[in-house]
Amino acid sequence: MVRLITHNLLACHAKGCTSNNFPLKLQDVAIEVREAEFNPDFVRGFLPRLEWKALVQAARELGDTSLPEEMPEMVDDGFLKNLHHVLLEIHIDEGAMICPNCGHTYPISNGIPNMLLAEHEIG
Amino acid sequence: MAPQVTATVVDDDPQSYESKHVHAVYDEIAPHFSSTRYKPWPIISQFISSLPVGWVGLDSGTGNGKYLPLPLERPTDIWTIGLDRSRNLLTIAQNAGNVTRDVVWGDALGQSWREGAFDYAISIATVHHLSTPERRKLAIQRLITAVSPSRGRILVYVWAIEQDEQSKRTIPQVADQSNGGEDVFVPWVLSKNVQGKQNQNRNGKPDTAPQDTNVQEDGSTTDRADAPRIYNRYYHMFARGELAELVEGAASMLGLHVGPLSPEAPLGIEIVQDGWERSNYYVELRRWKSS
Ligand SMILES: [Zn+2]
């Protein structure tokens, strides 16, 4: 599956595409929400390494507005629950991810993103 | 008589060679392969169990995703994403341990991540499928750049020439060893009646090393019309010391000091474990930043 936790890690790796290659733009996506076990310690631990703006933007593109624009300084359970939902419960089953820099399209089919490039296309 | 490991020579452009002798084979044998891989090696379990809560990692060459559910004692404390070249294996990995997993169809030589995005990376039984020293070194570089420069941890596992006595495998000694290791084909026997044998496993050993499970059993009982198909997979069997050498080469190409944390270099990587476990060599690495 592609969840937003994965989307927050992926970047374009086409040859020569080394800046402005993150976050990939979501396009024509079909999503499904599936419950996942909530572990507040995991979410709190991962939080400092998130690319916050990219996550908020992606969540809003998928219709979820529960996250604040800026990463809050005070982290409570309600916030962690919202973050858990955004990171781990929204599944992208179909669609595509487009590089904002070079326009390369990475398709998603049956929940699996295709990040393969021909070898001469790899930077 | 079981099919044996045979020496081979990489006689094509490496990418086409791997496509034919690695990727195509795994796509073909995916369900059967998957039914025989199930028990993690102790070193791998220990490594994953030692990771702090909140860490996120990459399993490069995840196969059927058998490491994605680890650590079994606290499965939601860390989160591992699986990368593989075989789409058929990924459809199995997607549901490893009966929990939905995130998997990515990609290449161990690609780098489709924000640099340093992960806290850890594992590469189990994958680098030995790359057919030149340069490509194996590049695979290690990709692991290094995928993890955090200040604390990233890495575990790499590859098949060794030095075999476990129990493996009963005869390794040919004729191959060109100028690279240190040996290039071989390892047969995978896909019997026609695998369905009924799915959960059978010889002596219950955990397996990372390639196995030709079912060979004797099926080979001796099936008749000709039902003859098993044999698929040869390419492996580079590592020589002693070759894996650490590869890591040192990869690290210095990235400008990293190799060794324990030192004030003399800004960035480095330490080989914290370098060992052999039942027919495999492994190294555990830690990245560090000195300021
Ligand atoms: Zn790009």
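A contact here means heavy atoms within 4.5 Å. Keep that in mind for the exercises below, which all use a predicted model.

**Exercise 1. Find which residues of helix 3 of chain A are buried, and what they pack against.**

Step 1: find the helix. Helix 3 of chain A covers residues 52–61.

Step 2: pick out its buried residues. Buried means under 20% relative accessible area. In this helix, Trp52(A), Ala54(A), Leu55(A), Val56(A), Ala58(A) and Ala59(A) are buried.

Step 3: look at the partners. Those buried residues pack against helix 1, strand 2 and helix 4, which belong to chain A as well.

Step 4: look just past the end. Right after helix 3 of chain A comes Gly63(A), with a positive phi of about 90°.

**Exercise 2. Two residues other than glycine, Asp28(A) and Ser279(B), have a positive phi. Where does each sit, and is each buried or exposed?**

Step 1: take Asp28(A). Its phi is about 45°, and its place is in strand 2 of chain A. Because its relative accessibility is 68%, Asp28(A) counts as exposed.

Step 2: take Ser279(B). Here phi is near 75°. You'll find Ser279(B) in the loop between strand 10 (267–277) and strand 11 (280–289) of chain B. With a relative accessible area of 2%, Ser279(B) is buried.

Step 3: put them side by side. Asp28(A) is exposed, whereas Ser279(B) is buried.

**Exercise 3. Locate the cis peptide bonds that lead into Pro23(A) and Pro71(B).**

Step 1: go to chain A. The bond from Phe22(A) to Pro23(A) is cis, and its omega is near -5°. Pro23(A) belongs to the loop between helix 1 (4–7) and strand 2 (25–33) of chain A.

Step 2: go to chain B. The bond from Leu70(B) to Pro71(B) is cis too, with omega near 0°. Pro71(B) is in the loop that runs between strand 2 and strand 3 of chain B.

**Exercise 4. Describe the largest pocket: what is its volume, and which parts of the chains line it?**

Step 1: start with the volume, which is about 490 Å³. The lining has 25 residues, and those closest to the pocket's centre are Thr76(B), Trp79(B), Val99(B), Thr100(B) and Arg101(B).

Step 2: see which elements contribute. Helix 2 (40–46) and helix 4 (77–88) of chain A each supply at least two lining residues, and so does strand 3 (79–84) of chain B. Elements from both chain A and chain B are on that list.

Step 3: sort the lining by class. There are twelve nonpolar, seven polar and six charged residues.

**Exercise 5. Now try the second largest cavity. Which helix gives the most to its lining?**

Step 1: note the volume, about 50 Å³. The model has five cavities of 30 Å³ or more.

Step 2: look at the lining. Among its residues are Leu58(B), Ser60(B), Asp107(B), Arg142(B) and Leu143(B).

Step 3: match residues to elements. Strand 2 (56–60) and helix 4 (133–146) of chain B each supply at least two of them. Helix 4 of chain B gives the most, with three residues.

Step 4: sort by class. The lining divides into six nonpolar, three polar and two charged residues.

**Exercise 6. Place Ser123(B) in its surroundings: which element holds it, and what does it touch?**

Step 1: Ser123(B) lies in strand 5 of chain B, residues 120–124. Its relative accessibility is 2%, so Ser123(B) counts as buried.

Step 2: leave out residues up to four places away in sequence, and Ser123(B) touches Ser60(B), Leu143(B), Leu155(B), Val156(B) and Tyr157(B). Two of these names, Ser60(B) and Leu143(B), also appear in the lining of the second largest cavity.

Step 3: check the record. An unreviewed UniProt entry places "domain: Methyltransferase" at residues 58–138 of chain B. Over that stretch the chain is 16% helix and 21% strand, and its end C-alpha atoms are 16 Å apart.

**Exercise 7. Where in chain B does pLDDT stay under 50?**

Step 1: begin with the overall scores. The predictor gives the complex an ipTM of 0.96 and a pTM of 0.88. Chain B averages a pLDDT of 84, and 80% of its residues score at least 70.

Step 2: find the low stretches. One is residues 195–209 of chain B, with 42 contacts beyond four places in sequence. Another is residues 211–223 of chain B, with 31 such contacts.

Step 3: read with care. Where pLDDT is low, predicted coordinates should not be read in detail.

Note on methods. Residues numbered from 1 in each chain as written. Chains lettered and ligands numbered in written order. Predicted model: local features only at pLDDT ≥ 70, side-chain atom pairs only at ≥ 80, totals over all residues. Heavy atoms only, no water. Helix = DSSP H or I, 4+ residues; strand = E, 2+ residues; numbered from the N terminus. Buried < 20%, exposed > 50% of the residue type's maximum accessible area, 1.4 Å probe, protein only. 1 Å grid on protein atoms, 1.4 Å probe; cavity = no way out; pocket = protein on both sides within 12 Å on 5 of 7 lines; lining within 4 Å. Points joined across faces, edges and corners; volume = space filled by probe spheres on them. Nonpolar A, V, L, I, M, F, W, Y, C, P; charged D, E, K, R; others polar. UniProt positions renumbered as here; feature names shortened; annotations may be inferred. pLDDT = per-residue confidence, 0-100.
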